[in-house]
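These are my notebook entries on a structure that I had not examined before. I set down each item that I looked up, in the order in which I took it.

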Amino acid sequence: VVTRIDVTHMRFRKSGDRNVDDLVLVTTIFDRAANMIGSRQTTVKFHLLDASLEKLGRQGLNIKQGFDVKPGTYLVRSVVQESEGAQLSALNHQVEIP
């Protein structure tokens, strides 16, 4: 699962010459019967210079999480929360694995 995150909506805190924030992404896979198949959590700690933050804002952040599943239809749910602004966002997407 690749989750693309638009960091321009995050509220970074300035600490010296760095832009600081923590991001937690939890992705969970459910089968057709709504049984949880697997879940992964990734934490990203940002300590970015202004130029790096600007570049990341243009490109976005892609986070890859691997799951080993059999062919079938699944619901993928990704939930992301950042620490400085305490913002929370979620996305559900149905996928077919041939």
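**Entry 1: Gly72**

I began with Gly72, which I located in strand E6. The model is a predicted one, and I kept this in mind for every entry. Is Gly72 buried or exposed? I found a relative accessible area of 19% for Gly72, so this glycine is buried, the limit being under 20%. I then looked up its separation from Val2. Along the sequence, Gly72 and Val2 are 70 residues apart, and in space I read 18 Å from C-alpha to C-alpha.

**Entry 2: the chain as a whole**

I next turned to the overall make-up. I listed 1 helix and 7 strands in the chain. Read from the N terminus, the order of the elements is β-β-β-β-α-β-β-β. Along the principal axes, the C-alpha atoms occupy a box of roughly 50 × 25 × 20 Å. I noted a chain of 98 residues, of which 31% are buried.

**Entry 3: strands E1 and E5**

I looked up how E1 and E5 are arranged. They pair in the antiparallel sense, and I recorded 4 bridges between them. Which residue of E5 stands opposite Thr3? I found Ile63 in that position. Strand E5 comprises residues 61-64, and I noted that its two faces are unlike in cover: Leu61 and Ile63 form the covered face, whereas Asn62 and Lys64 form the uncovered one. The partner of Thr3, Ile63, therefore belongs to the covered face of E5.

**Entry 4: strands E6 and E7**

I returned to strand E6, which spans residues 72-82 and is joined to E7 by 10 bridges, the two running antiparallel. Within this pairing, I found Ser89 of E7 to be the bridge partner of Val80. The two strands form a hairpin, with 5 residues between them. How many of the 10 residues of strand E7 are buried? I counted 0 in this strand of residues 88-97, and I entered E7 as hardly covered.

**Entry 5: two alanines with positive phi**

In the turn of the E6 and E7 hairpin I came upon Ala86. This residue has a positive phi of about 55° although it is not a glycine. Ala86 is exposed, as I found a relative accessible area of 52% for it.

I recorded a further case at Ala34, which has a phi near 70°, again positive in a residue other than glycine. Ala34 is placed in the loop between E3 and E4. Is Ala34 buried or exposed? With a relative accessible area of 58%, Ala34 is exposed.

**Entry 6: aromatic rings**

I searched the whole structure for aromatic pairs, and the search returned 1. The pair is formed by Phe12 and Phe46, and I entered it as edge-to-face, with 5.6 Å from centre to centre and 80° between the planes. What does this pair tie together? Phe12 lies in the loop between strand E1 (2-5) and strand E2 (13-15), while Phe46 lies in strand E4 (residues 36-48), so the pair ties together parts that are 34 residues apart in sequence.

I then checked the cover of each partner. Phe12 counts as buried at 19% relative accessibility, and Phe46 is buried at 5%. I also looked up the separation of Phe46 from Asp21: the two are 25 residues apart along the chain, and their C-alpha atoms are separated by 5.2 Å.

One other ring entered my notes. Arg40 lies over the face of Phe67, at 4.8 Å from the ring centre.

**Entry 7: the largest pocket**

I closed with the pockets. The largest one holds about 440 Å³ of space. Which residues lie nearest its centre? Of the 23 residues in its lining, I listed Thr3, Arg4, Ile5, Val80 and Ser89 as nearest. The bridge partners Val80 and Ser89 thus appear again here, as does Thr3, which I had met opposite Ile63.

I looked up which strands contribute to the lining. E1, strand E3 (18-30), E6 and E7 each supply at least two residues. By character, I divided the lining into 12 nonpolar, 8 polar and 3 charged residues.

Methods:
Residues are numbered from 1 along each chain as its sequence is written. This is a predicted model: local features need pLDDT of at least 70, side-chain atom pairs count only at pLDDT 80 or more; totals for chains, interfaces and linings use all residues. Side-chain values use heavy atoms; hydrogens and water are left out. Rings of Phe, Tyr and Trp (its six-membered ring) pair if their centres lie within 6.5 Å; planes under 30 degrees apart count as stacked, over 60 as edge-to-face and the rest as tilted. Buried means under 20% relative accessible area, exposed over 50%, partly exposed in between (1.4 Å probe, protein chains only). A charge sits over a ring if NZ of Lys or CZ of Arg is within 6 Å of the ring centre and within 35 degrees of the ring normal. Two strands pair if DSSP finds at least two bridges between them. On a 1 Å grid over the protein atoms alone, a cavity is a set of points where a 1.4 Å probe fits but cannot get out, and a pocket is an open set with protein on both sides within 12 Å along at least five of seven lines; lining residues have an atom within 4 Å of a point. Grid points are joined across faces, edges and corners, and a volume is the space filled by probe spheres set on the points. Ala, Val, Leu, Ile, Met, Phe, Trp, Tyr, Cys and Pro count as nonpolar, Asp, Glu, Lys and Arg as charged, and the others, Gly among them, as polar.
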